[in-house]
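Visitor: Could you walk me through this one? I'd like to take it topic by topic.
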Amino acid sequence: MRVRPFWPPLLAGIVLGAVLLMTFLLSGHGLGASGFFTRLTAWFGGETAREATVGNAYLGPFLKTAAHPLANWITWEIVGVMLGALLAALTSGRFRVRLDGAPKLAGPARIALAVGGGALTGFGARLARGCTSGLGLSGGAPLAVAAFLFLIGFFISGIVLGWSLRRAWL
Amino acid sequence: MSLPFYDEGVASGLLSGVLFGYVLESAGFGSPQKLTAQFRFTDWSVFKVMFTAIIVAAIGLAVATAAGVLPAKSIFIPTTFFWATLCGGVLVGAGMAVGGYCPGTSAVGLATGRLDGLFFMVGMVLGTGLFAAVFDSLKGFYLAGQGPQRQTLSQLFGIPTWAVIGILIVVAVLGFMIGTRFERAHGGPLTAEQLAGETVETVSEIGIVSVRTR
């Protein structure tokens, strides 16, 4: 199948803005992602180290309610994100099973960087109380100060580190 | 009719998610190459798409509020905790520069066949677990510098919402112009064809070809 081009950024931005607005009107909050991984961590901790997780000040509350920690809107949303992305990739010829990343840091190095970058992100999103979608994008729409402060930190460190690592990606 | 519907159901989540994921993939945001190219100034799609989306949704929310169909305090607005918000942003930015994704785009990456997206998710669970483990000793920092509840830029600067949106539009237009200029100097933004490689090695070859033709 021929690979179809990406949408122009202006079009993608307008449609994403409309989807974000629809989500606000439907649910009262915006789109998110890191909240799902917090619940996934709470659930995993509950399965593997129940006592420590239930006793933990941060993750404990997710396990102390009657509801399953994953039974939440954010879980359905992330399932939807994966289905929507899969649909878009399959219908455009962009689906490929592969290990993507910096060409000069392939194989085991790429896996280590993905895990390490994920760990920084997981820790950072909990500290900030949200991620690029949940805080940056969804806080940005109602013009929250927190969203723009987060985005300033995000772009500064991303540019400093991304620029220093640029040779690996060329 | 009263908005928002506060629909926290399965269908509501799936609908928002499917559309979100479809748009992110269509913008090219399943690719860690494209996402991190923003930080190397060679592809400004992340800035362009995010800023446009924020402005479009901000206009929609402002219109709905002004028209009286969306009560002012009815939607979620995050509160600033200066140090935690800023440092959290720094760590998430570092995570993207190193790992190639943010939480939402790692789900897009995995759904488009990128196994590194799954490893990024494993890392996020580790990072979240580490945060929870040190949460008690971090609490002072986590709560430091709390701003007013649900503070907006309009409240911070004492200017109307429309003025804030106007300034954001000016910033976006400038960003589009500067970004496009940078992209042209680097042979244009990364295309779906360039990123279609079966393996990392193939993408690497394409990268070398594009360097040679420059």
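Visitor: How many residues of domain 1 of chain B are in contact with domain 2 of chain B?
Guide: In this predicted model, nine residues of domain 1 of chain B are in contact with twelve residues of domain 2 of chain B, where contact means C-beta atoms, placed from the backbone, within 7 Å. Residues are numbered from 1 along each chain, chains are lettered from A in the order written, and local features need pLDDT of at least 70, with side-chain atom pairs counted only at pLDDT 80 or more, while totals for chains, interfaces and linings use all residues.

Visitor: Which elements give two or more residues to that side of domain 1 of chain B?
Guide: They are α1 (10-26) and α2 (32-37) of chain B, helices being DSSP runs of H or I with at least four residues, numbered from the N terminus.

Visitor: And where are the domain bounds?
Guide: Domain 1 of chain B covers 10-74 + 161-214 and domain 2 covers 80-147, bounds that come from an automatic or database domain assignment; their C-alpha centres lie 20 Å apart.

Visitor: Switching to A:G80, is it buried or exposed?
Guide: A:G80 counts as buried because it has 24 C-beta neighbours inside 10 Å, the cut-off for buried being 20 or more other C-beta atoms within 10 Å.

Visitor: What is A:G80 in contact with?
Guide: Leaving aside neighbours within four places in sequence, A:G80, which lies in helix α5 (residues 73-91) of chain A, is in contact with residues including B:G13, B:L14 and B:G21.

Visitor: Why is helix α5 of chain B largely enclosed?
Guide: Nine of the nine residues of that helix (residues 103-111) are buried, so the rest of the structure largely encloses it.

Definitions and conventions
A residue is buried if 20 or more other C-beta atoms lie within 10 Å of its own, exposed if 12 or fewer, and partly exposed in between; C-beta atoms are placed from the backbone. Two residues are in contact if their C-beta atoms, placed from the backbone, lie within 7 Å.
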